[in-house]
Every structure is written in C-alpha cells, then in structure tokens.
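This report covers burial, backbone angles and charge pairing in one protein chain. Please look over the sequence and the model before reading on.

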Amino acid sequence: MSKKHGKHAEGQRDRSTGVTMSQDSLRQSARDRPPSSAAWAGAVSEIAGAAPALIGGHAPVVVPAAPGIVTVTPGHVCELDRIDPDADGGLDKAVAKEALLAERARIQDLQERLYAERRRSLLVVFQAIDTGGKDGTIRAVLEGVNPQGCEVSSFKAPTTVELDHDFLWRYHQRTPGRGMIGVFNRSHYEDVLVVRVKHLVPEEIWRGRYGLINDFERLLTASGTQVLKFFLHISRAEQKERLEARIADPAKHWKFDPADLVERESWDAYQSAFGDALTRCSTPYAPWHVVPANRKWFRNLVVARTIADTLEAMDPRYPDAPEGIAGMTVPD
C-alpha cells in the first residue's frame, strides 16, 4: 500500500482539534452535520447583509408610467395595433426637450444616491423592432449619468459557449449588482421573439419560456433588483423612413444592414410575437410599458420621467456618516 493510500486508511485530521479521525468517526461526523438548509438558516444575518430584500427588506416599487405611456395590465391582452405610435401626449416638442434636461438631472442625482446606498439596483430593459430607437433612447436619457454606476449590455446572437448553457445564463451574468443601474439593449425576451419568428427552436420550447422569464424577473425583484421594462413602439411606415434615412446618409451607412430588409418582411410575425411577450410577461412586480416611439423627443421624455419616478419611489438614501466626522478637521 502506498504512503498516500495509507494516510486515507488511517483517517483524516480534524481541523478544529488537530486529532486524527477514523473513517467511522468521519462518517458519524457527516451524519451529525445539519442539512444545508439549516446551515443557511444559521447564516441568516449574513445573508441579510448581502441581500436584504431576499428576507423581507426593501419591497419592489411599481409607479405609474409617465403620461402617454401605455402600461400593460397584468392578465390582460396587449393589442399593439390599438396603441398609436404617433402619440405625443399633446406636448410641444421644444417644451419636451427642455423638460428632458430636468429629468436627466433627477436621474443623475438619484443614481448617485443609489450607488452610495449600495443596497438595491435597477434593471432597465429596452425592446423594439429594428430601428425602434433603443440606442438613441439610452443615449438621450442616460447622458451625464456617472458611468461607474451604470452599465449597458447589448445582446447579439449567442456564442457557442452561451448556447451550451440555459437560455437565461448570459443575461443573468449581466444583471446589475447592488448600487448599479443596468440597461439591457435587447434582452432575455429575444428568446421568445427572434427565436420564435425564425423558428430556431420548436414551439413547445419557446412557449415554455414565458413562465421561466417571469420566474427570473421575480427572482431579481426578490433579491433587490427593480425591473423596469420598455417596449418602443413604432409604425411600419416609420421603420421604412428610418431605413431609407440610413441608406441616404453616408454617415449612417454603418447602421444599415441589408438583412434588415429581410427582417422587415416578418413585420407581422414580430408584432404578434411582441404582443404575446407583453401579454404573458407583464406582471405586478415587473409590468411592461409600451412607449409610442415615432416621435423621438416624446419617447425620450416619457422614458426619462418614468426612470426618474421609479428611482425616486425606491428612495435611495446616502449611508450614515462615520460617528464623529462632523467635528473632524483636516491637518495642514
């Protein structure tokens, strides 16, 4: 018997006492250990510090969206063809652009407080058909936000590594940590949208994903991440204008992909897929907001106002200063 095998036969040394234990003692010790659930229960205070919402800390907030946005009522069918993408809430363009500056300032102030508090996070999800305005909205709304506290994730076609995992794996890795604002430019909904329209998986697979997506968002919410979802709603005619503008302007040629014309042929299929996703995944804790998005200035204002209102309802607080700091002086 080798020396290595001989050590295993003799037993192992108990790290807490330094006493060598026999195999029978090791087995008894394992039997005496509490099950994993009890071990977790014993660490409840430690868990509370790491994720306060998980055990009864901050509850999610759901605030009314800015006027002009249509919130999909949970349990009701979303009919996109009944929502006017040209709607502007009766606002004046110049006034709306001025108001956007004020909403940006609110977001910047509240984001700093969220980052300092470091107890919760905000995930903002953007979905739209091609040319729907996701990039432009993100730039316009989050301009001036401290990049240390905000991260934008764009999801293209999955890699081979990502395809080797469950469909939510790559999205979960990009969810925001405590104190952060995370932005998804496209999101986990791609797996019930493009996957469905292009027949990349069987129907029984993508249909089963609605419930999994709801569970995923419920997990995020329970763990202290507020989920805010916007669908940017444009018309078919508006998409045509935007594609033509990319073709006409050499400075925008990089934005144009001939494949967009092929995708346009599936307009009706995409509208149906979007409608089902909005219907099945608008929940009390993470409702879908449909933003009329033909008018960019209106789109930007109402999205910014809704983000600012949500952050304000979360009411992030600066942490208490160290005791005695008010009386401290800085030496020369």
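Is Glu244 buried, partly exposed or exposed? Glu244 counts as partly exposed, because its relative accessibility is 41%. The model shown here is predicted.

## Overall picture

The protein chain has 15 helices and 8 strands. It holds 332 residues, and 43% of them count as buried. Its accessible surface is about 18600 Å². Carbon and sulfur atoms account for 54% of that surface.

Contacts reach far along the sequence. Take the contacts between residues at least 6 apart in sequence: 80% of these join residues at least 24 apart.

## A pair within helix H12

Glu244 has a charged partner. Its side chain meets that of Lys240 in a salt bridge, at 2.9 Å from N to O. Both residues belong to helix H12. They are 4 residues apart, about one turn of the helix.

Lys240 has a relative accessible area of 43%, so it is partly exposed. Glu244, at 41% relative accessibility, is partly exposed as well.

## Salt bridges across the chain

Side chains of opposite charge can pair when their charged atoms come close. The count for this model is 23 salt bridges. One of them joins Arg106 to Asp309, with the closest N and O atoms 2.9 Å apart. This pair links distant parts of the chain: Arg106 sits in helix H5 (residues 93-117) and Asp309 in helix H15, 203 residues apart. Arg106 has a relative accessible area of 22%, so it counts as partly exposed. Asp309 is also partly exposed, with a relative accessible area of 26%.

Another salt bridge joins Glu79 and Arg82. Here the closest N and O atoms are 3.3 Å apart. How exposed are the two partners? Glu79 is partly exposed, because its relative accessible area is 41%. Arg82 has a relative accessible area of 67%, so it counts as exposed.

## The loop between S4 and H6

Most residues other than glycine have a negative phi. Thr131 departs from this: its phi is positive, about 70 degrees, although it is not a glycine. Where is Thr131 found? It lies in the loop between strand S4 (121-128) and helix H6 (134-142). Its relative accessibility is 8%, so Thr131 counts as buried. Leaving aside neighbours within four places in sequence, Thr131 is in contact with Ile234, Gln239, Arg242, Leu243 and Arg246.

Asp130 is found in the loop between S4 and H6 too. With a relative accessible area of 18%, Asp130 is buried, because the cut-off for buried is under 20%. Its contacts, again without neighbours within four places in sequence, are Arg186, Ile234, Gln239, Asp260 and Glu263. Ile234 and Gln239 therefore appear in both contact lists, that of Thr131 and that of Asp130.

## After helix H15

Asp315 has a positive phi as well, near 55 degrees, and is a residue other than glycine. It is placed in the segment after helix H15 (296-314). Is Asp315 buried, partly exposed or exposed? Asp315 counts as partly exposed, because its relative accessibility is 29%. Thr131, at 8% relative accessibility, counts as buried.

## A positive patch on the surface

Which residues gather in a patch of positive charge on the surface? They are Arg139, Lys252, Lys255 and Lys296. Lys252 is found in the loop between helix H12 (236-248) and helix H13 (259-264). Its relative accessible area is 34%, so Lys252 is partly exposed.

Technical notes:
Residues numbered from 1 in each chain as written. Heavy atoms only, no water. Helix = DSSP H or I, 4+ residues; strand = E, 2+ residues; numbered from the N terminus. Buried < 20%, exposed > 50% of the residue type's maximum accessible area, 1.4 Å probe, protein only. Contact = heavy atoms within 4.5 Å. Patch = residues over 30% accessible without salt bridge, like charges linked within 9 Å, V, L, I, M, F, W, Y side chains within 5 Å. Areas by Shrake-Rupley, 256 points an atom, 1.4 Å probe, with all protein chains shown as cover. Salt bridge = Lys/Arg side-chain N within 4 Å of Asp/Glu carboxyl O. Lys, Arg positive; Asp, Glu negative; His and termini not counted. Charge placed at Lys NZ, Arg CZ, Asp CG, Glu CD.
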